[in-house]
Amino acid sequence: MKKLILFGSWLALFSCKNDRLNIEVQQEERSLLVERLDLELAQVRNETELEQVHQKFAKNHEEFYNFYLGACLQIGLVQDTFTLKALNDFIADKYVQKLHQEIKTKFADVSEEIEAFKTGLNYLHFYFPDAPEPTTVIFYNSLFSNSVVSSENTIGVGMERYLGEASPSISELPEDPFFPYIKKRMDRRFLLRDMMMSWLGANVLPEIQDNKEVAEVMIQWGKHLYILEACFPEMEKSTVLRYFGEEYNWAIDNEKEFWKFLIAQNVLFKRDYKFSLNIFADGPFTSSLPIEDKAPPRLGQFLGWRIVKKFMDKNEQITLKQLIDLDYKTIIKAYE
């Protein structure tokens, strides 16, 4: 893919009074190389072509290619003598061939996602001019081992995890460990969101530490999700939260009740790993609630986002860069 040149200055064009993130920024071209390892492997017809693909990615993207071979496919590293044969066995597998065909059919064109992601980078640069930006996006078939992962300059996307719940390949996955709620969320609508969330978490924002007080973990998640929202101000809020519409509506309708529940449990300023796992980790629902079978998962993340969002809307003098280092107690005590 021909690289584009970054140039020019940034300008916020207008702002909406109801939500400070509803702004437009001047769109400039950005440099982003897109590699389709998934399609290149799917199109291999013989050992010579496989060797060419293998050498290309070993030379141009060695660190990420080693991650792909070793961590995703678990067949070895670039320098291992048996890796090429194992890779050939992988692409010759009947299930993998069917999976590659599904990916090729559904994701023959990813230009819409790439252009939308570049727009997100425009917003990221507007708020964080010095933040690192990716140079490369590599799409591949991770054999359901990971969705999105980021290094210092590259984002890798496991395309098979966005085929949709109705995909024949996904429906054939065993229900343990691929539980129904996991399959349901293997949806293309979350691809763009996951790319930016991965990049922010790996290269822009402080790591979320789950061994802190419940309130601190909540605000950490809230900051990440708020800045993700800032990069995609027109994205559906449910998608930002990695929810479906009905889950988001439930969370909004029960926000105050969940807050009251946390107060009643007296856990906000305590370190409680088990409780934190219940309200922050993914799952079919948020457990430990009186009506847990109806509560969407990760309700603690949702409430953290709502608290941070309300705080920032009330304090427009505070920049997003300042938000990162702002004490969590200052934010949470201002919540009403």
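**Close-up views of cavities, salt bridges and pockets**

Five nonpolar, three charged and no polar residues make up the lining of the largest cavity. The model shown in these views is predicted.

**View 1. The largest cavity borders helix H15.** The structure holds one cavity of 30 Å³ or more. The space in the largest cavity is about 40 Å³. Its lining consists of Ile307, Lys310, Phe311, Lys314, Ile331, Ala334, Tyr335 and Glu336. Helix H15, residues 299-314, supplies four of these residues, the largest share.

**View 2. Lys309 and Asp19 form a salt bridge.** Their closest N and O atoms are 2.8 Å apart. The pair links distant parts of the chain. Lys309 sits in helix H15, while Asp19 sits in strand E2, residues 19-25. The two partners are 290 residues apart. Are these partners buried or exposed? Lys309 has 10% relative accessibility and Asp19 has a relative accessible area of 8%, so both fall under the 20% cut-off and count as buried.

**View 3. Glu115 and Lys118 pair within helix H6.** This salt bridge has its closest N and O atoms 3.7 Å apart. Both residues lie in helix H6, which covers residues 111-127. They are three residues apart, about one turn of the helix. How exposed is each partner? Glu115 is partly exposed because its relative accessibility of 44% lies between 20% and 50%. Lys118 is buried because its relative accessible area is 6%, under 20%.

**View 4. Asp194 and Arg242 form a salt bridge.** Their closest N and O atoms are 2.7 Å apart. Asp194 belongs to helix H9, residues 191-204. Arg242 lies in the loop between helix H11 (237-240) and helix H12 (245-253). The bridge therefore ties together parts that are 48 residues apart in sequence. Asp194 and Arg242 are both buried.

**View 5. Salt bridges with shared partners build a network.** The network joins Asp19, Glu229, Lys237 and Lys309. The salt bridge between Lys309 and Asp19 was shown above. Across the whole structure there are 21 salt bridges.

**View 6. The largest pocket has a volume of about 600 Å³.** Its lining counts 19 residues. Which of them lie nearest its centre? They are Ser147, Arg193, Asp194, Arg242 and Asp282. Two of these names, Asp194 and Arg242, also belong to a salt bridge. Helix H8 (180-184), H9 and helix H10 (214-231) each give two or more residues to the lining. H9 gives the most, with five residues. By class, seven lining residues are nonpolar, five are polar and seven are charged.

**View 7. The second largest pocket holds about 360 Å³ of space.** It is lined by 16 residues. The closest to its centre are Ala116, Leu192, Phe232, Glu234 and Met235. E2 and H6 are the elements that give two or more residues to this lining. Which element gives the most? H6 does, with five residues. H6 also carries the pair Glu115 and Lys118, and E2 carries Asp19. The lining of the second largest pocket has eight nonpolar, two polar and six charged residues.

Technical notes:
Residues are numbered from 1 along each chain as its sequence is written. This is a predicted model: local features need pLDDT of at least 70, side-chain atom pairs count only at pLDDT 80 or more; totals for chains, interfaces and linings use all residues. Side-chain values use heavy atoms; hydrogens and water are left out. On a 1 Å grid over the protein atoms alone, a cavity is a set of points where a 1.4 Å probe fits but cannot get out, and a pocket is an open set with protein on both sides within 12 Å along at least five of seven lines; lining residues have an atom within 4 Å of a point. Grid points are joined across faces, edges and corners, and a volume is the space filled by probe spheres set on the points. Helices (H or I, at least four residues) and strands (E, at least two) are DSSP runs, numbered from the N terminus. Ala, Val, Leu, Ile, Met, Phe, Trp, Tyr, Cys and Pro count as nonpolar, Asp, Glu, Lys and Arg as charged, and the others, Gly among them, as polar. A salt bridge is a side-chain nitrogen of Lys or Arg within 4 Å of a carboxyl oxygen of Asp or Glu. Buried means under 20% relative accessible area, exposed over 50%, partly exposed in between (1.4 Å probe, protein chains only).
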